[in-house]
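Here is a friendly walk through one model, from its empty spaces to its core and strands. Keep the viewer open beside the text as you read.

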Amino acid sequence: MIKKIIVGICLLFSLAIFAQEGTSSPYSFYGIGDVKFKGTVENRSMGSISVFPDSIHVNVQNPAHYASLKLTGFNIGGTYANSKSVTEIDEAKARRTSLDYLAVGLPIGKLGIGFGLMPYSSVGYKTQRVTDITDNNNTVVSNLFTRLNGIGGVNKVFVGFGYQLSKKINIGADIQYNFGIIETSNLVFQSDLQFGSKENNSSDLRGVSYNFGLTYQTKTSTKHSFFSSLTYSPESKLTLTNNRNIQIVSFSSSAVSVVETQVIPVENSIIKLPSKLSFGSGFGEVKKWLIGGEISFIQNSVMSNRFNDIEGASFENSIRYSLGGFYIPNYNSYSNYYKRIVYRGGLRYENTGLVLQNKSINDFAGTFGLGLPLGGIFSNINVGVEIGKRGTKYFNLVEENYVNFSVGLSLSDRWFVKRKYD
């Protein structure tokens, strides 16, 4: 029965992922949007670190962790995001609900297999600017309205393998097929004119990327262990099929009517996805407490915008720092439910790689989460909170203050076991 439920959830997730608007950030206008995935709810609640091996939770950031699985794992998660965008003269609030990932992990002896579907990046913004038009006497005679809208993003399907070389070392690799559609529009009209103009752009994106992983763990005493991990994603490419049209539009009762449409030929393009190197280490008592850190180097300088006529933005190489851990009072307690709850926390700081007005756009967040046992001792519901700030309100930029609430379901069980009795 549980397998049928999982198959049904997978089908619903696949349909929902194409219809969702996963961000409300004006910064998603650039490149291919906001890079969304920073780990499962468990990882995000610890500052997005991925160094810890887990025998019951699927860790999709480092494919070498698949070899650590002892039970078949099914993970699904989503986020309810609240953000407030602030400039020097104005502010606005937005809310979004999105599905973040669906992943399955299968242990087969020393081999572990993982596969799933998740958004890689999201585009979702709605902005409006009103500019006064004055005459020679500095008297306002009309207003110029500009509206920018964008939706879409890049999704990825992945399959990976992890193998246990020894009791201390795992290796792994996965392949990812990236695909998606990004649609944007720019509407301009003047209050004293009958017609305005609207530019519509769309890009169909396709490409393949890879990710390689290595993990190491060893005992430092009878209770304590040391962990380390390494992941590397080489540079890859997305091929974009681009389309553009210009429309002459009229306005009546706040509705926009298309008067004429002209197709504008634009070149197809290629966007490079940056290479990424991450390594981290951790220390602690397994099934009791662990603390670790991770650093990632991302070659964002190879990134570009979808169209050559998008100006005012550039990209630079970036670094992300993560620190986090967890604590379990007593994972083996059957009489006290609260002692089996997993308490997680962490910090994350990163340079996003986007540069506007010669200013780097940085992102800082604090995280906290709980792992709530569900039924037996293996499956659980994970909840997390992420409070952070991105960008700045100065230099004609936007400061985003956000609070994200994440919920993930982690089901673990033994599959493919032959029954002795029917």
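How many cavities of 30 Å³ or more does the count come to? The count comes to three. Please keep in mind throughout that this is a predicted model.

**The second largest cavity**

The second largest cavity holds about 40 Å³ of space. Its lining is made up of Val-41, Arg-44, Ser-45, Thr-367, Gly-384, Val-385, Glu-386 and Ser-406. Two elements, α2 (41-44) and β18 (380-391), each give two or more residues to this lining. The most comes from β18, which gives three residues. Sorted by class, the lining of this cavity has two nonpolar, four polar and two charged residues.

**The two largest pockets**

Now turn to the open spaces. The table sets out the two largest pockets.

| Pocket | Volume | Lining residues | Classes in the lining | Largest share |
|---|---|---|---|---|
| Largest pocket | about 1,700 Å³ | 44 residues | 16 nonpolar, 15 polar and 13 charged residues | β4, six residues |
| Second largest pocket | about 1,200 Å³ | 49 residues | 22 nonpolar, 17 polar and 10 charged residues | β7, five residues |

To find the largest pocket in your viewer, select Pro-26, Thr-127, Gln-128, Leu-148 and Val-398, the lining residues closest to its centre. At least two residues of its lining come from each of β2 (72-86), β3 (91-108), β4, β5 (140-164), β6 (169-190) and β7 (195-219).

For the second largest pocket, the lining residues nearest the centre are Pro-53, Asp-54, Ser-55, Val-286 and Lys-287. The elements that give two or more residues to the lining of this pocket are α2, β6, β7, β8 (224-233), β16, β17 and β18.

**A nonpolar core**

Which residues have the most contacts inside the largest nonpolar core? They are Tyr-27, Ile-32, Leu-205, Leu-238 and Leu-354, in a core of 22 residues. Two or more residues of this core come from each of β4 (111-134), β9 (236-252), β11 (269-273) and β16 (342-356). The largest share is that of β4, with three residues.

Ile-32 is a good residue to click on here. Beyond its neighbours within four places in sequence, Ile-32 is in contact with Tyr-120, Ser-121, Ser-122 and Val-123, and also with Val-154, Ile-182, Leu-205, Leu-238, Ile-271, Leu-273 and Met-303. Leu-205 and Leu-238 also belong to the group with the most contacts inside the core.

Leu-238 turns up once more beside a glycine. Gly-207 is found in strand β7. Is Gly-207 buried or exposed? Gly-207 counts as buried because its relative accessibility is 9%, and buried means under 20%. Leaving aside neighbours within four places in sequence, Gly-207 is in contact with Gln-176, Tyr-177, Asn-178, Lys-237 and Leu-238. Gly-207 and Ile-270 are 63 residues apart along the chain, and their C-alpha atoms are separated by 9.7 Å.

**Strands β16, β17 and β18**

These strands can be followed one after another. β16 and β17 (residues 359-373) run antiparallel and are joined by 12 bridges. Leu-356 has Lys-359 in β17 as its bridge partner. The two strands form a hairpin with two residues between them. On the other side of the story, β17 and β18 also run antiparallel, with 11 bridges joining them. Here Leu-370 stands opposite Val-383 in β18.

**Two residues with positive phi**

Gln-357 sits in the turn of the β16 and β17 hairpin. Its phi is near 55°, a positive value in a residue other than glycine. Gln-357 counts as partly exposed because its relative accessibility is 48%, and partly exposed lies between 20% and 50%.

Lys-287 also has a positive phi, about 65°, although it is not a glycine. This lysine lies in the loop between β12 (276-285) and β13 (289-298). With a relative accessible area of 45%, Lys-287 is partly exposed. Lys-287 is also one of the residues that lie nearest the centre of the second largest pocket.

Definitions and conventions. Residues are numbered from 1 along each chain as its sequence is written. This is a predicted model: local features need pLDDT of at least 70, side-chain atom pairs count only at pLDDT 80 or more; totals for chains, interfaces and linings use all residues. Side-chain values use heavy atoms; hydrogens and water are left out. On a 1 Å grid over the protein atoms alone, a cavity is a set of points where a 1.4 Å probe fits but cannot get out, and a pocket is an open set with protein on both sides within 12 Å along at least five of seven lines; lining residues have an atom within 4 Å of a point. Grid points are joined across faces, edges and corners, and a volume is the space filled by probe spheres set on the points. Helices (H or I, at least four residues) and strands (E, at least two) are DSSP runs, numbered from the N terminus. Ala, Val, Leu, Ile, Met, Phe, Trp, Tyr, Cys and Pro count as nonpolar, Asp, Glu, Lys and Arg as charged, and the others, Gly among them, as polar. A nonpolar core is a set of buried Ala, Val, Leu, Ile, Met, Phe, Trp, Tyr and Cys residues joined through side-chain atoms within 4.5 Å. Buried means under 20% relative accessible area, exposed over 50%, partly exposed in between (1.4 Å probe, protein chains only). Contact means heavy atoms within 4.5 Å. Two strands pair if DSSP finds at least two bridges between them.
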